[in-house]
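Grab a pencil and work through these exercises with the structure open beside you. Try each task before you read its solution.

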Amino acid sequence: MRFTMKAVGLLLILMGLLWVGQGTGVVHWPESSFMIDQRPWIWRGALLAALGVAMILIAGRARR
C-alpha cells in the first residue's frame, strides 16, 4: 500500500510539473497540446504536484 501511494504520488508530481511547463510555454511537448501557453494550467499543475507531495508524505508516515 505504501509503495503504491508513493508511486502514484511521484506520478502526480511529474504530471503536475509537465502541466506547469506547458502552461508557462517552457515545454512544447506534445506540440499539438491545448495546454501550451495557457495560464490556468500553471495553477492546476502546481496543485497536482502538491497533492503528489502530500501523498508521498502521508505514505511515509503510514503505519508499517
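## Exercise 1: How long are the helices?

Let's start with α2: its 22 residues, at 1.5 Å a residue, should span 32 Å, and the C-alpha atoms at its ends are 32 Å apart, which agrees. Keep in mind that you're looking at a predicted model.

**Task.** Run the check on α1: what should its 23 residues span at 1.5 Å a residue?

**Solution.**
- Step 1. The expected span uses one less than the number of residues, times 1.5 Å. For the 23 residues of α1, that gives 33 Å.
- Step 2. Now look at the model: the end C-alpha atoms of α1 are 33 Å apart, which agrees with the expected value.
- Step 3. You can also pick a pair inside α2. Pro40 lies in this helix. From Pro40 to Gly60 you go 20 residues along the sequence and 31 Å through space, C-alpha to C-alpha.

## Exercise 2: Which way does α2 face?

**Task.** Find the buried residues of α2 and work out where they sit around the helix.

**Solution.**
- Step 1. Buried means under 20% relative accessible area. In α2 this picks out Trp41, Ile42, Gly45, Leu48, Ala49, Gly52, Met55 and Ala59.
- Step 2. Look down the axis of α2: the buried residues fall within an arc of 150°, so they line one face of the helix.
- Step 3. Here's the background: an α-helix has 3.6 residues a turn, so residues three or four places apart point the same way.
- Step 4. Flip to the other side of α2, and you'll find Trp43, Leu47, Ile58 and Arg61 exposed.
- Step 5. Some residues fall in between. Leu51, also in α2, counts as partly exposed because its relative accessibility is 46%. Pro40 is partly exposed too, at 40%.

## Exercise 3: What packs against what?

**Task.** What do the buried residues of α2 pack against, and which residues make up the largest nonpolar core?

**Solution.**
- Step 1. The buried residues of α2 pack against α1.
- Step 2. Look at it from the other helix. In α1, the buried residues are Met5, Gly9, Leu12, Ile13, Gly16, Gly21, Gln22 and Gly23, and α2 is part of what covers them.
- Step 3. Now for the core: the largest nonpolar one has five residues, namely Met5, Leu12, Leu48, Met55 and Ala59. Both α1 and α2 supply at least two residues of this core, and the largest share, three residues, comes from α2.
- Step 4. Zoom in on one member. Leaving out residues up to four places away in sequence, Leu48 touches Leu12, Met15, Gly16 and Trp19.

As background, nonpolar side chains tend to be buried together in soluble globular proteins.

## Exercise 4: Sort out the aromatic rings

**Task.** How many aromatic pairs does a search of the whole structure find, and are Trp41 and Phe34 buried or exposed?

**Solution.**
- Step 1. The search finds two aromatic pairs.
- Step 2. Take Trp19 and Trp41. Their ring centres are 5.2 Å apart and their planes meet at 80°, so this pair is edge-to-face. Trp19 belongs to α1 (residues 2-24) and Trp41 to α2 (residues 40-61), so the pair ties together parts 22 residues apart in sequence.
- Step 3. Next come Phe34 and Trp41: with centres 5.8 Å apart and planes at 70°, they are edge-to-face as well.
- Step 4. Put the pairs together, and Trp19, Phe34 and Trp41 are linked into a cluster.
- Step 5. Check accessibility. Trp41 has a relative accessible area of 16%, so it is buried, whereas Phe34, at 62%, is exposed.
- Step 6. One more neighbour to spot: Arg44 lies over the face of Trp41, 4.7 Å from the ring centre.

## Exercise 5: Read the backbone between the helices

**Task.** Which peptide bond is cis, and where is Asp37?

**Solution.**
- Step 1. Leave α1 and you come to Gly25, which follows the helix and has a positive phi, near 90°.
- Step 2. Further along, the peptide bond from Trp29 to Pro30 is cis, with omega near -15°. Pro30 sits in the loop between α1 and α2.
- Step 3. Asp37 is found in the loop between α1 and α2. Its phi is near 60°, a positive value in a residue other than glycine.
- Step 4. Finish with accessibility: Asp37 has a relative accessible area of 48%, so it counts as partly exposed.

Conventions. Residues numbered from 1 in each chain as written. Heavy atoms only, no water. Phe/Tyr/Trp six-rings, centres within 6.5 Å; stacked < 30°, edge-to-face > 60°. Helix = DSSP H or I, 4+ residues; strand = E, 2+ residues; numbered from the N terminus. Buried < 20%, exposed > 50% of the residue type's maximum accessible area, 1.4 Å probe, protein only. Lys NZ or Arg CZ within 6 Å of the ring centre and 35° of its normal. Core = buried A, V, L, I, M, F, W, Y, C linked by side-chain atoms within 4.5 Å. Contact = heavy atoms within 4.5 Å. Arc of directions from axis to C-beta.
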